[in-house]
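I opened my notebook for a slow walk through one model. Here is what I looked up, in the order I got curious.

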Amino acid sequence: YLPHVKHIEFQVLGDGRNFVHLGERECSVQRRFQKLLEEAPSLFLDDKLRAQMGACACRLARETHYQGAATVEFLVDEQKNYYFMEVNPRIQVEHPVTEAITGVDIVEQQIRVARGEYLPFSQDSIMFNGWAMEARINAEDPQKNFMPSPGTITKYIAPQGQGVFVHSFLQDGQEIYPYFDSLLAKIIAVGKTRKEA
């Protein structure tokens with residue numbers, strides 16, 4: 001049991017011989033073990049811990065000769081001890097947060113590696129700029145402890161503005177069925193600083 005932990009994940013890319021990390025995402029804001037907010041970078045990590053955890057994530061990819069995109073997830077306690085939790089060997093919902101601060105198109109790189117190409121960059125060439133946050137918009141009923149809730153979208157107005165991106169399938173009249181995940185949209189906000197994002 002680890003009280004007051006942070007959920008920190010590192011995005012890695014590998015082509016079988018070159019392995020890099022694209023920094024971390026903080027995913028500590030959750031409900032029922034489902035991520036609700038993600039941001040990059042994490043306020044909790046310092047440069048030394050970031051380097052250690054990134055190197056650990058890359059070592060895991062190297063030892064398995066990994067090819068493609070993966071996320072290496074950790075729990076980090078108040079004393080900044082980190083514990084391996086799992087690897088998701090796929091693209092994740094929150095990948096736009098990492099793309100926003102690195103400029104690396106993770107989906108493109110995953111496809112290129114699958115085609116037999118090598119990553120066109122090394123760890124030293126990965127630069128981190130700005131801050132990004134992602135909020136998941138779910139079909140939920142707050143009167144029923146935020147349980148998934150089907151229904152019909154009567155009016156949909158997507159948020160707009162500089163540095164605001166929306167990934168969604170929503171439109172006026174869209175029927176939301178109870179048979180699928182309750183995730184309806186992702187709102188990604190990017191800025192030079194956390195406050196701006």
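**Entry 1: the surface.** Which residues form a nonpolar patch on the surface? I am working with a predicted model, and in it I find Y177, Y179 and F180 making up that patch. Together they have about 440 Å² of accessible area. I picked Y179 for a second look. I located Y179 in the loop between strand 11 (175-176) and strand 12 (183-191). Its relative accessible area is 67%, which is over the 50% cut-off, so I logged Y179 as exposed.

**Entry 2: an arginine in a strand.** Next I went to R136, which sits in strand 6 (residues 131-138). Is R136 buried or exposed? I noted R136 as buried, because its relative accessibility is 12% and the limit for that label is under 20%. Then I checked what the side chain of R136 meets. I found a polar contact of 2.8 Å between the side chains of R136 and E38. The R136 side chain also reaches the backbone oxygen of K35, at 3.4 Å. Leaving aside residues up to four places away in sequence, I listed the residues that R136 touches: Q34, K35, L36, E38, V93, E94, L183 and A185. Both polar partners, K35 and E38, are therefore on the contact list of R136 too.

**Entry 3: an aspartate in strand 1.** I moved on to D15, in strand 1 (residues 6-15). I wrote D15 down as buried, because its relative accessible area is 4%. Which backbone atom does the side chain of D15 reach? I got the backbone nitrogen of L119, at 2.8 Å. L119 also turns up among the residues D15 touches, along with Y66, Q67, V113, E117 and Y118, once residues up to four places away in sequence are set aside. Out of curiosity I took one long-range distance as well. D15 and V93 are 78 residues apart along the chain, and I have 21 Å between their C-alpha atoms. V93 was already in my notes as a contact of R136.

**Entry 4: a serine with two backbone partners.** I then looked up S168 and placed it in strand 10 (residues 164-168). At 37% relative accessibility, I have S168 as partly exposed. What does the side chain of S168 reach? I noted the backbone nitrogen of L170 at 3.0 Å and the backbone oxygen of L184 at 3.1 Å. Not counting residues up to four places away in sequence, S168 touches Y156, L184 and A185. I had met A185 before, as a contact of R136. For a distant pair I tried S168 with Y83: they are 85 residues apart in sequence, and their C-alpha atoms are 34 Å apart in space.

**Entry 5: the cysteines.** How many disulfides does the structure hold? I counted zero. Why is C27 left without a bond? The closest cysteine sulfur to that of C27 belongs to C56, and at 17 Å it is too far for a bond. I also noted C27 as buried, because its relative accessibility is 0%. C56 is in no disulfide either, and I found the nearest cysteine sulfur to it in C58, 9.5 Å away. With a relative accessible area of 32%, C56 went into my notes as partly exposed.

Terms used: Residues numbered from 1 in each chain as written. Predicted model: local features only at pLDDT ≥ 70, side-chain atom pairs only at ≥ 80, totals over all residues. Heavy atoms only, no water. Helix = DSSP H or I, 4+ residues; strand = E, 2+ residues; numbered from the N terminus. Buried < 20%, exposed > 50% of the residue type's maximum accessible area, 1.4 Å probe, protein only. Polar contact = N/O pair within 3.5 Å; in protein donor to acceptor, adjacent residues only side chain to side chain. Contact = heavy atoms within 4.5 Å. Patch = residues over 30% accessible without salt bridge, like charges linked within 9 Å, V, L, I, M, F, W, Y side chains within 5 Å. Areas by Shrake-Rupley, 256 points an atom, 1.4 Å probe, with all protein chains shown as cover. Salt bridge = Lys/Arg side-chain N within 4 Å of Asp/Glu carboxyl O. Disulfide = S-S within 2.5 Å.
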